[in-house]
Amino acid sequence: MLTALASQLPEVPDEGGQLVGRCRAGDEGAWRLLYDGHFDFAWRTARRLGLPEADADDAVQEAFQVAWARLHTFREGRFSTWLYRIVANVVSSRLRKHRVRDVFDGLFGRGPADATSVEGQLEAREALGRVERVLRRLSREKREAFALHEIEGLTHEQIAELTGARVETVRTRLFYARKEFAMHAHAMGVEP
């Protein structure tokens, strides 16, 4: 059901050097290049880490606001790696808020907001929703490894670079993520 996408990390010329330097100097055009060059990657990352589609745009905007405010902390390396950590933190924070809200809704007899689609919605969209529910059951670290490898098609080395973990740690997280994904998917009636 899940096919690895051929997408790679965003490639923006000289992303770790001149553009960031120009941004620090107040060059809005350079910031626009970084923003445009990384928006799709940041959005896909937010979705693959379990954030509902309705929240993805806002989360990515928040991540770019944080990146702009903390641009002075970027030292070297790939801008996408640095931005990834910011997006992952924003997503993690938003998912925590969703879980807290769901717990309170359950305590007061209200179920989570009904996200059912209008009649006739594509089956693929429904399948994606089931997969996202399974992904949300994984820990953040396992969900990251699983989504980046199985869905985004990144290598273990690329995932290690993005997450700041060792390659061996990525492999271990991926191993256990696959097992948990299959277990949760089976329990929820989703074919992995």
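Ala185 counts as buried, because its relative accessibility is 0%. The model is predicted. Ala185 lies in helix H8, which covers residues 167–188. Its C-alpha atom is separated by 6.0 Å from that of Val134. Along the chain, Ala185 and Val134 are 51 residues apart.

The overall fold can be stated briefly. The chain has eight helices and zero strands. Read along the sequence, its pattern is α-α-α-α-α-α-α-α. Of its 192 residues, 40% count as buried. Many contacts span the sequence: among those between residues at least 6 apart, 69% join residues at least 24 apart.

Confidence varies along the chain. The average pLDDT is 77, and 73% of the residues score at least 70. Over residues 1–8 the pLDDT is below 50. That stretch has 25 contacts in the model beyond near neighbours in sequence. The pLDDT is also below 50 over residues 103–121. Here the model shows six contacts beyond near neighbours in sequence. Where pLDDT is low, predicted coordinates should not be read in detail.

The nonpolar interior was examined next. The largest nonpolar core has 37 residues. Trp31, Phe64 and Phe79 have the most contacts inside this core. Five elements give two or more residues to it: helix H1 (18–24), helix H2 (28–48), helix H3 (53–69), helix H4 (79–107) and H7. H4 gives the most, with 10 residues. Residues of this core come from both domain 1 (13–117) and domain 2 (138–192), so the core lies between the two domains.

Trp31 illustrates the packing in this core. Trp31 counts as buried because its relative accessibility is 14%. Neighbours within four places in sequence aside, Trp31 is in contact with Cys23, Phe64, Ala67, Trp68, Leu71 and Phe79. A second, separate core has 10 residues. Among them are Val131, Leu138, Ala177 and Ala185. The buried residue Ala185 of helix H8 therefore belongs to a core, with a relative accessibility of 0%.

Aromatic rings were then considered. The count comes to 10 aromatic pairs. One of these joins Trp31 and Phe64. Their ring centres are 6.1 Å apart and their planes meet at 85°, so the pair is edge-to-face. Trp31 lies in helix H2 and Phe64 in helix H3, so the pair ties together parts that are 33 residues apart in sequence. Phe64 is buried, because its relative accessible area is 3%.

Phe146 and Phe181 form another aromatic pair, and this one is stacked. The distance is 4.6 Å centre to centre, with 20° between the planes. Phe146 is in helix H6 (residues 140–151), while Phe181 is in helix H8. The two are 35 residues apart, and the pair links distant parts of the chain. Phe146 counts as buried at 4% relative accessibility. Phe181 also counts as buried, at 3%.

Ring pairs also build a cluster. Its members are Trp31, Tyr35, Phe39, Phe64, Trp68, Phe74, Phe79 and Trp82. Trp31, Phe64 and Phe79 thus appear both in this cluster and among the residues with the most contacts inside the largest core.

Helix H7 was inspected at the level of single residues. Its buried residues are Gln158, Ile159, Ala160, Leu162 and Thr163. Thr163 is placed in this helix, which covers residues 156–163. Thr163 counts as buried because its relative accessibility is 14%. A polar atom of the Thr163 side chain lies 2.9 Å from the backbone oxygen of Ile159. Ile159 is itself one of the buried residues of H7.

Thr163 also reaches other parts of the chain. Leaving aside neighbours within four places in sequence, it is in contact with Tyr84, Arg85, Glu144, Leu148 and Val170. Just after H7, Gly164 takes a positive phi of about 80°.

How values were computed
Residues are numbered from 1 along each chain as its sequence is written. Side-chain values use heavy atoms; hydrogens and water are left out. Helices (H or I, at least four residues) and strands (E, at least two) are DSSP runs, numbered from the N terminus. Buried means under 20% relative accessible area, exposed over 50%, partly exposed in between (1.4 Å probe, protein chains only). A polar contact is a pair of N or O atoms within 3.5 Å; within protein, one must be able to donate a hydrogen and the other to accept it, and residues adjacent in sequence count only if both atoms are side-chain atoms. Contact means heavy atoms within 4.5 Å. pLDDT is the predictor's confidence in each residue, from 0 to 100. A nonpolar core is a set of buried Ala, Val, Leu, Ile, Met, Phe, Trp, Tyr and Cys residues joined through side-chain atoms within 4.5 Å. Domain bounds come from an automatic or database domain assignment. Rings of Phe, Tyr and Trp (its six-membered ring) pair if their centres lie within 6.5 Å; planes under 30 degrees apart count as stacked, over 60 as edge-to-face and the rest as tilted.
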